Amino acid sequence: AQPSNQPTGQPSLSFEPTGQPSTACPEVYIVSTFSDLQYVANALCDNSTIELATDITIPDGDSFLLENRRGIVLRSQAGMRYSLGGGGQARVLSLVNISINITNIVMQDGYVCGEQGAGLHISDNAVVYISDSILRSNNAFSSGSCGVGWNNAAYSSYGAGIYVIGSILYVANTTATANRGSYYGSGGGVYGVSSTITLVDTAWNGNYVTNNNGYGIMGQGGALHVRSSQLTIESSQFDSNYCTTTSSTGCKGGAIYALSSDVTLRDCIFSNNEAKLGGVIWVSGGTLYVESSQLDGNNAINGGAIHAQDSVAVVLKGSNFTNNVATGSGPDVFASSSSTVTVNSLCPAQSFENDTASADKVLQCDGCNDMFPYPAVFEGICTPCEPDTYACDGALACGQHECAPSIIPSGVPSGEPTTQSS
């Protein structure tokens, strides 16, 4: 009911005093209903703050759109963490050409059918910073029931948690759980196109995508799917993310799918992620740099941890690969033709332990019978503290080599790092 002291039709939100004339926008909008949100979306000025005073659900058929503003803050009131929810029937939030800081908010139960971004849809040069928040149980669903044909791009719903295109996304100290791209899904947690995405101190657990009809372009990236983007992840955890498909060519990247993108993974833990190709990450084109990370217990047919496809430059530095499994080839790294894998393990040493495949050893590439059944260049960089390295460069026999002067090219002082190359 409307408070008796407010005009009929006015929302029940309150404004904090600003000391400005009454014609100026308030600095803080305190909202408690969806009507409040709609009012704020139309009245909002630059450099304003929206505070949730309670949990709010977006009604079916409605949406919460913020656009063309700068310096916006969306947060819960002090000491609380309230939710913006889609109620399993609506998208939570659309952000267009805006700079915004979202903090201490639960974004949950968003839903789209044949569209993108059930939790958040970010576009048009938006700059979005999310911190101390939760992204959970959002569903991007696609099927014939969405009303479009299978070969129409709109038929597939991308980015159950977040869809971001042509924008900047920074996420810190945030958890994403049980976000799912159903039926023809890709990018359970985030789907990014032509964007810069940075994740710091985040956790991505139990996100997944499914490809029920087996079309090869679907079912990719259980937690993250990026195309033509820059993706940097630091101090984050990815556990039990996966994809499923009836296709032998779909289901790529249990945690991450990256196409023509530059990906950096630093101080991260990847565990129990699963796909058909690339239990942790499937990457094609671009670069992949993995430093000081733990990849443990991940599973795929090829590339239990990493599957590098088509001209990828992969660099592994000081990371531990343990207990990864490939039922086909490469429980740790599978590199297809034209990819380059460099082991650059400065102290502490790189390790590959307790990893199993049906017939091959931990690292796979072309041209080697005992370790690498597929053609690629594998380069080993030795340092004094690294007891083992791997090389497949035409000049050396394939297999495991002691890191000693005997495998360092002439003219290079013993103990100084060097790259073996073909």
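## A guided tour of the chain

Of the chain's 422 residues, 54% count as buried (under 20% relative accessible area; exposed is over 50% and partly exposed in between, with a 1.4 Å probe and protein chains only). This is a predicted model, in which local features need pLDDT of at least 70 and side-chain atom pairs count only at pLDDT 80 or more, while totals for chains, interfaces and linings use all residues. Residues are numbered from 1 along each chain as its sequence is written, and side-chain values use heavy atoms, with hydrogens and water left out.

Colour by secondary structure to begin: you should find one helix and 44 strands (DSSP runs numbered from the N terminus, H or I of at least four residues for helices and E of at least two for strands). Of the contacts between residues at least 6 apart in sequence, 74% join residues at least 24 apart (contact means heavy atoms within 4.5 Å).

**Stop 1: helix 1.** Select residues 34-43, then show Phe34, Asp36, Leu37 and Val40, the buried residues of this helix. Look down the axis of helix 1: these buried residues fall within an arc of 150 degrees, so they line one face (the arc is taken from the directions that lead from the helix axis to the C-beta atoms). Now add strand 2 (28-31), strand 3 (49-52), strand 4 (56-57) and strand 7 (82-85), against which the buried residues of helix 1 pack.

**Stop 2: Thr49.** Stay with strand 3, where Thr49 has its place. Thr49 is buried, at 10% relative accessible area. Beyond its neighbours within four places in sequence, Thr49 is in contact with Glu27, Val28, Tyr29, Val73 and Arg75.

**Stop 3: an open sheet.** Next, select strands 11, 15, 19, 23 and 27: they form an open sheet of five strands in the order 11-15-19-23-27, with parallel pairing (two strands pair if DSSP finds at least two bridges between them). Strand 11 (111-113) and strand 27 (242-245) are at the edges with a single partner strand each, so one side of each has no neighbour in the sheet. On average, neighbouring strands of this sheet are turned by 10 degrees against each other, direction ignored (axes are lines fitted to C-alpha atoms, for helices over the stretch in contact, and angles run from 0 to 180 degrees between N-to-C directions). Zoom in on strand 19 (residues 180-182) and strand 23 (residues 208-211), which run parallel and are joined by two bridges. Here Arg180 has Tyr208 of strand 23 as its bridge partner.

**Stop 4: Ser133.** Move to the loop between strand 13 and strand 14 (134-136), which holds Ser133. At 2% relative accessibility, Ser133 is buried. Not counting residues up to four places away in sequence, its contacts include Arg81, Ile102, Met107 and Thr174. Draw a C-alpha to C-alpha distance from Ser133 to Ala176: the two are 43 residues apart in sequence and 8.7 Å apart in space.

**Stop 5: the cavity.** Keep Ala176 selected and add Met107, Ile130, Leu135, Ile162, Val171, Thr174 and Trp204, which together line the largest cavity.

**Stop 6: two loop residues.** Most residues other than glycine have a negative phi. Asn125, in the loop between strand 12 (120-123) and strand 13 (127-131), has a positive phi near 60 degrees. Asn125 is exposed, at 59% relative accessibility. Finish at Asp201, in the loop between strand 21 (196-200) and strand 22 (203-205). Asp201 also has a positive phi, of about 55 degrees, and is partly exposed, with a relative accessible area of 45%.

Key: On a 1 Å grid over the protein atoms alone, a cavity is a set of points where a 1.4 Å probe fits but cannot get out, and a pocket is an open set with protein on both sides within 12 Å along at least five of seven lines; lining residues have an atom within 4 Å of a point.
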